[in-house]
Amino acid sequence: MSVKDSSMERTNIEVSKMKSICRRLFCMRFSSSGRLQFNRISLLALVAYLLLVQLLLAHLWRSTYKIHSMEIRLPQAALSSQTPGAYLCTAVSLRDPRNASAIRPIYIVEFEPLVPPNPTNSEIHVHHMLLAECNELPEGVGVNGHGWWNCGLGHHKDSAVSGNSSKEMCSVRQRYLFAYSNSAEAFQLPRKVAMPVGDSRFYGGAHLVLQVHYSSGNQRLHVHPNQHHSPAVGDRRPGLRLRYLNETGNHYRVAGVHLSSTSIRPDVRSRHTTGCEYTGELPIRPFGLRVHTHSLGRLVSVYRVRRPRLPQDPMVWHLIGQADPRQPQAYYAANASSDLTVKPGDLIATACATTGGRGGRSAPVETCNAWLIFWFEQLDALSKVTGPDGHEGKVDLQQDCISSGSALSLWSDAPKWVEKQAFLV
């Protein structure tokens with residue numbers, strides 16, 4: 001037998017095997033010319049096979065990217081300390097119960113406030129809540145609903161819980177994740193955007209800490225009648241419900257928070273400013289803005305300020321967003337623009353217009369806060385995580401711009417339209 005005849009024989013055998021497999025799987029047959037033909041049964045079998053593959057893929061997707069839910073609330077025992085001006089904290093551990101040295105990261109996609117909409121006579125309004133990621137907790141505090149502590153240290157000096165009994169939220173610098181105030185509703189991150197917690201590539205904290213601040217004097221904020229995110233009847237413990245993923249993959253974008261904050265003296269000034277350079281390594285794209293003041297605030301505005309190419313040219317100002325702090329204090333969409341990227345070296349400038357005058361007996365110091373939530377592509381972030389020497393680094397998802405006075409060097413050269421827009425003149 002020649003080599004050609006041997007090759008043709010092997011080909012015929014392989015074709016015969018393929019025909020046999022097709023007939024067994026899909027009830028197909030081949031015509032005399034060798035063309036594949038379907039009958040009704042074979043078509044139904046093929047459709048069933050494709051549906052089975054689709055269901056299998058969907059199951060794998062749901063098991064990998066299933067949205068989970070968890071609640072973090074003040075323990076029942078903490079409700080007896082609902083006094084005006086109190087700051088109360090509780091914590092949830094992210095450590096693996098089977099391995100205390102391991103942290104199980106989560107990726108938050110939604111924050112839902114759980115606040116009683118109509119406080120009873122024995123309750124005080126919740127002024128605001130903060131959620132933070134912590135590496136280490138203050139000494140002697142419990143976790144997972146088994147403990148709470150006074151955490152007014154570092155806040156207003158006249159707080160009802162200030163003094164030796166108070167502790168910080170975290171024993172080392174915390175990373176803020178979310179803030180609630182003034183009957184704000186749930187906040188859902190954009191599609192395929194998540195906020196990592198406990199991920200060693202970023203901050204890598206082992207705990208989530210909830211801080212609840214109860215209203216004091218004229219800081220009592222209006223409870224809006226359309227508030228619909230109250231907890232179940234009978235549960236009066238304030239807190240947050242988090243919806244999260246256990247993993248995201250590289251197709252998700254990573255979210256972080258930029259906080260601009262300045263303390264305002266209780267004098268007659270009505271214009272207050274702050275500004276800092278963005279020093280991160282990666283460009284960020286703001287997509288939401290939340291503002292917060294006490295009783296005097298009327299408007300908070302945030303701008304991206306870009307240095308010119310030539311020294312003699314003026315700074316280029318661009319509005320990121322502005323909001324009235326008297327409205328529900330939630331994240332609102334940033335200015336819809338295709339050019340909202342903040343690059344390393346850009347400045348983030350914040351202005352606060354107030355009525356002037358004192359903040360009240362229980363709020364001697366006014367404040368002006370702007371929470372800018374942003375995202376950057378995780379693939380870009382991961383390229384920065386591992387350095388050229390192969391050692392793992394971290395991407396900072398929070399930058400704080402804290403000041404106690406005006407950013408005169410920046411705002412003295414602000415354009416007239418910015419001054420008119422930010423201070424309502």
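Trainee: Which residues make the nonpolar surface patch of about 270 Å²?

Mentor: Keep in mind that we're looking at a predicted model. One member of the patch, Leu-50, sits in helix 2, which runs over residues 40–65. The patch of about 270 Å² is made by Tyr-49, Leu-50 and Val-53.

Trainee: OK, on to the open sheet of five strands. Which strands stand at its edges?

Mentor: Start from the strand order, which is 9-4-13-8-10, with antiparallel pairing. An edge strand has a single partner, so one side of it is left without a neighbour in the sheet. That description fits strand 9 (149–150) and strand 10 (175–181).

Trainee: Which residue in strand 9 does Leu-88 stand opposite?

Mentor: Strand 4 covers residues 87–93, so Leu-88 belongs to it by the DSSP runs. Strand 4 and strand 9 pair in the antiparallel sense over two bridges. Across from Leu-88, in strand 9, stands Asn-150.

Trainee: Now Leu-319: is it buried or exposed?

Mentor: Leu-319 is in strand 19, residues 316–323. Its relative accessible area is 15%. Buried means under 20%, so Leu-319 counts as buried.

Trainee: What is the C-alpha to C-alpha distance between Leu-319 and Ala-422?

Mentor: Leaving aside neighbours within four places in sequence, Leu-319 is in contact with several residues, including Tyr-303, Leu-340 and Gln-421. As for Ala-422, that residue is 103 residues from Leu-319 in sequence. In space, C-alpha to C-alpha, Leu-319 and Ala-422 are apart by 9.6 Å.

Terms used. Residues numbered from 1 in each chain as written. Predicted model: local features only at pLDDT ≥ 70, side-chain atom pairs only at ≥ 80, totals over all residues. Heavy atoms only, no water. Patch = residues over 30% accessible without salt bridge, like charges linked within 9 Å, V, L, I, M, F, W, Y side chains within 5 Å. Areas by Shrake-Rupley, 256 points an atom, 1.4 Å probe, with all protein chains shown as cover. Salt bridge = Lys/Arg side-chain N within 4 Å of Asp/Glu carboxyl O. Helix = DSSP H or I, 4+ residues; strand = E, 2+ residues; numbered from the N terminus. Pairing = 2+ DSSP bridges. Buried < 20%, exposed > 50% of the residue type's maximum accessible area, 1.4 Å probe, protein only. Contact = heavy atoms within 4.5 Å.
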